[in-house]
Amino acid sequence: MRSLPEADPGMPDIRSPLRYLWWNALRQGPSLLAGIGFATLWWMVQALMPAVLGKGIEAVTAKDSQALLLWASILFVLGLLQAFTGIMRHRMAVYNWLAAAYRTVQVTARQAARLGATLPKRLSTGEVVSVGNSDIAHIGNSMDILLRGTGSVVAIVTVTVILISTSLPLGLLVLFGVPLMAVVVGPLLKPLHRRQRTQRELAGELSTRAADIVAGLRVLRGIGGEQVFTDRYREESQRVRHAGVGVARVESVLEGAQIVLPGVLIAIVTGVGASFAVADQIPTGQLVAFYLYAVFLIGPLRTLTEAADKLTKGHVAAGRVIRILSMEPEVGGGTGTSDGGVLRDSYSGVTVQPGALTAVAANTPEDAIAIADRLGRYTGGDVTFGPADLSTLPLSEVRSRILVADNGARLFAGRLRDELDVRGDATDEQVTLALEAACATDIVEALPDGLSTVVNEAGREFSGGQQQRLRLARALLADPEVLILVEPTSAVDAHSEARIAERLAKARAGRTTLICTTSPLVLDRTDHVIYVEDGRVLAEGTHRQLLDGSPQYAAAVTRGED
């Protein structure tokens, strides 16, 4: 399995949200620079318009038709240029938004695949889902605002230079007024950052709760627990609401500051400019230009405040992404090779002979699951595969050669045939044989479109037993070198269980198969049974031999019945 830096050579060792945002910016450098260039031109054109209008007014005052025509033509050209740069700025903003957002989805999905079984142990479903629901939008917004934010800084500097060259007091007023506004807004950012982080964490927990309720709704209805979980969901949703209101309080102050602070600066600049015009220190045209400059500054100043807000949200979102990207899988792989052979777990003593149908019966289900996880390299352990240690093989090779199919596997939304034939290379005959071996033919025949029927999320239209049989058919179609099945018949009736046991032995004849089960119907049709107690092998033999020779085994598989 390739690590993130190898899978994406441009990705450095990222350990902080700021570095992640910086990495995103570097990855889309050309498009980001192009967008900044168009945004800067867009602002600059608007910054020049008040000066042109002022000159035009002076031409009207002087009754100079030629000068009026000249400045009117320049204003028309500036309007066309503003329209073009505005369109291109918006196009580049959308492109950069999408690039940053979906690059985040790509690296997160790649990391999720790399982590595998480690991810659900470290993070809840809601936290992972929230990255795709909201965090990518905030990261995209942080890239988008860089365009207008950088251009607004250039525009403010340009206007300041123009005002200083025209009137030193007015220029200095703008020069000192803008940093003062930043100082006023600055204290709002830290509480905003803290409250946004809290609100995101609570929202992730609420998403997890909702997913659990939807997945277990049928069980909740059966035990009458709907109201209990409804009350819990309502309580958690209220906490999310209160946290959201806390964020909104700070954001409302920030939004108000975007209007009030530039408005105060405009009023002061306009008032000072008007006093200069009354004193005949500046002509009427310049007074109009000063007023238009003051109005124009609302846009860049509000953009700077917006940039502070969006970059803060992007920083919080990047922190959540970094939390996922900084995780390491519990197990790794090496570069060794193995021709296969005996699969042995040294801790428990379980030995799976090649080409045999072997069963592991444990007095507690957890012991059997732990053995299956070690043999499938989902947890660490001293396991050998032929002459080689399993830990020395590349993890991708282990996954392709050893398949662990447990009841935690899911059916995904999509066409049923695609869900069963995940590689897409099985023939119709192979699909039919797998369905027959798993006693799932009747399930497909009852569907309106057969194998072409579109399955809902998690296969919720199927019962628990039907889902289990379809998952078994999918595992058989994968046809791995070693197949490990964990309680493959726990949810089916006794008649179907007996047929599955008989057909499974025929379907996997000559190939290595391990079944973790305590079902006598399945155990009686295996070549070899290993009984495990307290995580260690206690007895081995055929099912009937162990029934006669091991009282512990007999008690475990017959549950004390004669």
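Buried residues make up 45% of the 562 residues in this chain. The model is a predicted one, and the exercises below walk you through it.

**Exercise 1. Getting an overview**

Find out how many helices and strands the chain has, and what share of its contacts links residues far apart in sequence.

*Solution.* Start with the elements: the chain holds 21 helices and 12 strands. Next, take the contacts with a separation of 6 or more; 77% of them join residues 24 or more positions apart. Finally, look at the confidence. The average pLDDT of the chain is 82, and 90% of the residues score at least 70. Residues 1–10 have a pLDDT below 50, and this stretch makes 19 contacts in the model beyond near neighbours in sequence.

**Exercise 2. Two helices side by side**

Work out how α3 and α4 are oriented to each other, and which hand their crossing has.

*Solution.* First read the geometry: α3 and helix α4 (residues 65–115) pack at an angle of about 160 degrees, and their axes are 8 Å apart. Then apply the cut-off: angles over 145 degrees count as roughly antiparallel, so α3 and α4 are roughly antiparallel to each other. Their crossing is left-handed. As for the residues in the contact of α3 with α4, 24 are nonpolar, nine are polar and two are charged.

Now stay with α3 and pick out one residue. Threonine 40 sits in this helix, which covers residues 29–61. Is threonine 40 buried or exposed? Its relative accessible area is 16%, and buried means under 20%, so threonine 40 is buried. Leaving aside residues up to four places away in sequence, threonine 40 touches Gly151 and Val154.

**Exercise 3. A second helix pair**

Decide how α2 is oriented to α11, then list the residues that make the contact.

*Solution.* Helix α2 (residues 17–27) packs against helix α11 (residues 298–325) at an angle of about 95 degrees, with the axes 8 Å apart. Angles of 65 to 115 degrees count as roughly perpendicular, so α2 is roughly perpendicular to α11. From α2, the contact uses Pro17, Leu18, Tyr20 and Leu21; from α11 it uses Gly314, His315, Ala318, Gly319, Val321, Ile322 and Leu325. Sorted by type, the residues of the contact of α2 with α11 are eight nonpolar, three polar and no charged.

**Exercise 4. Two aspartates with positive phi**

Locate aspartate 479 and aspartate 534, and state how accessible aspartate 479 and aspartate 534 are.

*Solution.* Begin with the background: most residues other than glycine have a negative phi. Aspartate 479 has a positive phi, near 50 degrees, and lies in the loop between α17 (464–478) and β9 (482–486). Its relative accessibility is 39%, so aspartate 479 counts as partly exposed.

Aspartate 534 also has a positive phi, about 55 degrees. Its place is the loop between β11 (528–533) and β12 (536–541). With a relative accessibility of 59%, aspartate 534 counts as exposed.

**Exercise 5. A tyrosine and its surroundings**

Find the helix that holds tyrosine 553, and name the residues it touches.

*Solution.* Tyrosine 553 belongs to helix α21 (residues 551–558). Its relative accessible area is 0%, so tyrosine 553 is buried. Not counting residues up to four places away in sequence, tyrosine 553 touches Ala361, Leu523, Val529, Tyr531, His543, Leu546 and Leu547. To finish, check one distance: the C-alpha atoms of tyrosine 553 and alanine 539 are separated by 8.0 Å, and these residues are 14 apart along the chain.

Technical notes:
Residues are numbered from 1 along each chain as its sequence is written. This is a predicted model: local features need pLDDT of at least 70, side-chain atom pairs count only at pLDDT 80 or more; totals for chains, interfaces and linings use all residues. Side-chain values use heavy atoms; hydrogens and water are left out. Helices (H or I, at least four residues) and strands (E, at least two) are DSSP runs, numbered from the N terminus. Buried means under 20% relative accessible area, exposed over 50%, partly exposed in between (1.4 Å probe, protein chains only). Contact means heavy atoms within 4.5 Å. pLDDT is the predictor's confidence in each residue, from 0 to 100. Axes are lines fitted to C-alpha atoms, for helices over the stretch in contact, and angles run from 0 to 180 degrees between N-to-C directions. Angles under 35 degrees count as roughly parallel, over 145 as roughly antiparallel, 65 to 115 as roughly perpendicular and the rest as oblique. A crossing is left-handed if the near helix is turned anticlockwise from the far one by less than a right angle, and right-handed if clockwise. Ala, Val, Leu, Ile, Met, Phe, Trp, Tyr, Cys and Pro count as nonpolar, Asp, Glu, Lys and Arg as charged, and the others, Gly among them, as polar.
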